[in-house]
Every structure is written in C-alpha cells, then in structure tokens.
Amino acid sequence: MDSDAAKLSIFFFPFVGGGHLIPMIDLARLFSTHGVKSTILAIPNDAAVFHNSINRDRTLGLDIHLHTLQLPSALPDQPPHAVTAADMSAPPFTDTSILQQPLVDILRRCRPDCVVTDTFHRWAADAVDGVGIPRVIFNGNCCFARCCEDSVKRDWPHEKVGSDSEPFALEGLPDRIELTRSQLPVFVRTRTEFPGKSMRAEQNSFGQVVNSFFELEPAYVEYYRNQMGKKAWLIGPVSLCNRNVADKAERGQKAAVDERSCLNWLNSKKPNSVIFVSFGSLAHMHPTQLIELAHGLEASSCFFIWAVRKILESENGENWLPDGFEQRMIESNRGLIIKGWAPQLLILEHVAVGGFMTHCGWNSTLESVCAGVKMITWPLSAEQFYNEKLVTDVLKIGVRVGSVEWASWNMERKMVVGRDKVEGAVKKLMGGGEEAEMMTRRAKELAEKAKSAVGEGGSSWNDVEALIGELKSCWKQK
C-alpha cells in the first residue's frame, strides 16, 4: 500500500435505502483499510444505524469518519420531507433533493479528492460536478445485469415475440441468456424510462465502482469494459469487510431476534440441513403467496429460518400463515420465523445453512456466494431476473422456484408461486442429489475465490489500489 494514499480524502454519499446504503458503508470501510481517509455523509436516521461499526473501525486505527447531514426544517403546515422518515425500506425513487444544499456546502468547505455518489441521488451529479470534484458512481449492480440490460435496450427483443410468456434470447452476450417479456421491468417493456440524466451523469463521471469480483463474472467484466466501453473498478465483495460478530449482527437495522438464540437454534442442526428464506428489505408479499410458501416449506420436511419483512394488506385482512403453522414449527423444532430484520450474514455463514431462498437482490446474491451457499431463486423486481440468470444459467449454483412476473416493490402480483413449486425447489436444492452436490461444490469454490479477490494482491484489492493511484495522480496535478 502506497503511503501517499493516506493523503487522499474520499467522501461517500450513500442512498437512503438499505439495499444501497449498506454496501456503500462497507465500501467506505474497505477504502479506509487501504489508507484512504473515508468520510460517510448520511442523514440522521442512517447514521444511527451504523455508527457502532464506524467507531469500532476507528478504535483499530482506521481513518474513517461519519458526517451527519442536517436536514432543513419543514415549513409550517407542511408534512415532513420523505427523507426525514427514510429507513432501510426506502424505495429507489425516494426524493433526496432536500440534501443538495447540505451536500454542496460540505464539499465546498472540505474539498475532498473524490466523491462516491449513489446513482439513485439523481440530482447529485450536477451538484458535485458544479463544485469541481472528481465523482465516482456506485449503483449496486453486477456487470452481468448491466450487460443484460444493455442488450435488451439495444435490440428490444421482447417486442419481437407474440406473448409475455414466449422466451427470447439476449443477443451479443458471452452466454445464451433467455428471458420472457413478463420478467422485464414495466418501464422497459413500455419504453417509458427517461435515461438522459443518468447517461449524462455517467459520461461526466471519473468512473464506476462495482460491488463484484472479476473471478465471479470474468466474461461480463470484459464485455462491460471493452464492448460497452465502461470505466469500472471491481472492488467487492464489500460485505467481506465485516469480520467480527458485532459487525455482522448489526449490519443494517437491529435484528428482530437475538442473534445468540438464532445461532443456538442453528447449532442444534446438522451441517447443510437448513434453508434460509428472505426476500430483502423492500419486497411486499400478499398473504396468499406467503401461505403457499409456508405450505411448501412444511411439505418439504426441510429445516428453515424464514425472515418476513413486508406483507401486503389484503381487503379481508386474511392471515399470512396457515392455521397452526407457527405452533407446529415450534413444537417440531423444524422452523424459526423471524418477523422483521434478520442477521443475514451470521445466518448464511453458519455451517448448518445449506441453501438460501432469495429474491436475487445483488447484495443477498453476493453474500450467498461469499458464504458458499447455493440458492433457490425467486426474483421479484429491479434487476433481479437478470441476477437469477447469472446464478442458475452461468454460475449454476441455484434452482428456480418459478417466479416469472416483474412488479414494483409494493404492487400485488397476478401470479402466485404455488406450494408444489416451493416444495419441489427446496427438495431439489436440499435433497442431497448429484446436481445439488455439484452446486454446493461450485458455491464453495466461488466463496474461496471471493475471499482471495479482496485479499492483498487479489483482483479486487488491485482494483482498489488502481483507483487510488488514478485519484492520486489527479491530486498531484492540482
């Protein structure tokens, strides 16, 4: 590590939602281990969530800081701005423009060498560029998903099929990837996305940091850089900067279950015998779907931990669990239901966990890879259907449950994944057959590659150092 890197000051400006906030905090912590002075700019609610981990890093001698952006007071007779109540489940289109002036003020006062901004702060590019500070973009996706999106928007293949369920291939990619129209975002199907501002923000940036590692998706890293012409540094998996139990337990919101009781329950189970079920911080599921999921889990006879975050309210106020289900699971010691935030890293890394039923959000997908845990894929929104294809078709470490309908986070879906599909997917993943064993071996191999990537001399380590070197060159030219 070059001692000159210690002179670099980088500000990190995360989005307010958990799926983008959490990895950005890890990103700031990662850069501080490379000798950079990292400063996180956060709203009060978010600062309270991760200040303990920042304090622990500081006691280890890392040059990392937390600056709380003060929000303007609401005008009389007006409701508080949405940002003031933002939490881990803040949706991607939350308006954060109220933070523009506080951001500009601190940039002008402190003049850092670089600002890493989240792409969901759609106004931030103009604000940072106006101050004249190099800007790096973070958008939370992998290269594979971005390559798929580029192919779709270049050729519009979904407009050449006869129905929402007819498969089509994405042209020009290293592998044959097939999707259906129903799996694409609505704004892509209808061409109602307006990319102008995001494209300008990307063109004027210093480059992009990607929470992935070369060995996970080498062909798509090369495609992204060479075919799509993107300047990108792969610096992940950033979650691996969480090395102690406290950091893993406190990552995100406070867990709805005591981590010791959760770990004790897992300690009572055999290796690779438990499946963890979680659909992230944003997904809302209808009670009808949750009931089918519960029946499928029960019929599979597999041990499980099920974290339930958001439930869509139904008109008749129906229950979201079958009658007596929770009591049966308690009495048989078959399942543990967590109603709220779960300590996901601790659960995935436990030796008893052999599978992960996931919505295929990139954070969850990458955390499963790091833990060497194969997956049941249940994509719901965002770029998750692309991520599913990476897991099942390219990496071959997962089984599809049969989700085929893209919908926004809080919308009710027309299609319900039935209990039989849930049961079948769990048995296929956890049943111990030859295919499942192969998936386990591949997942464990990827986990080792992930750890090597972030270690000294690894591909992600080198990309961090390369970015530091380029920023240092800019600093010397001032």
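**A tour from Q344 to helix α5**

Select Q344 and S364: their side chains make a polar contact at 3.1 Å (a pair of N or O atoms within 3.5 Å; within protein, one must be able to donate a hydrogen and the other to accept it, and residues adjacent in sequence count only if both atoms are side-chain atoms). Keep in mind that you're looking at a predicted model, where local features need pLDDT of at least 70, side-chain atom pairs count only at pLDDT 80 or more, and totals for chains, interfaces and linings use all residues. Residues are numbered from 1 along each chain as its sequence is written, and side-chain values use heavy atoms, with hydrogens and water left out.

Stay with Q344, which sits in helix α13 (residues 344–349). Helices (H or I, at least four residues) and strands (E, at least two) are DSSP runs, numbered from the N terminus. Is Q344 buried or exposed? Its relative accessibility is 14%, so Q344 counts as buried (buried is under 20% relative accessible area, exposed over 50%, partly exposed in between, with a 1.4 Å probe and protein chains only). Now show what Q344 touches: F276, S278, F356, S364 and E367, leaving aside residues up to four places away in sequence. Contact here means heavy atoms within 4.5 Å. Add K248 too: 96 residues separate it from Q344 along the chain, yet their C-alpha atoms are 7.9 Å apart.

Next, the sheet. Colour six strands in the order β14-β12-β10-β15-β16-β17 and you have an open, parallel sheet. Because β14 (335–339) and β17 (398–400) stand at the edges with a single partner strand each, one side of each has no neighbour in the sheet. Zoom in on β10 (residues 274–278) and β12 (residues 303–308), which pair in the parallel sense over four bridges; two strands pair if DSSP finds at least two bridges between them. Here I275 stands opposite F304 in β12.

Now pick helix α16 (residues 419–430), lying across β10, β15 (353–358), β16 and β17, at about 145° to β15. Axes are lines fitted to C-alpha atoms, for helices over the stretch in contact, and angles run from 0 to 180 degrees between N-to-C directions. Helix α15 lies across β16 (374–377) and β17, at about 115° to β17.

Last stop: α5. Its buried residues are C143, F144, A145, R146, C147, C148, S151 and V152. What covers them? Among the covering elements are α8 (218–227) and α15 (384–394). Right after α5 comes W156, with a positive phi near 50°.
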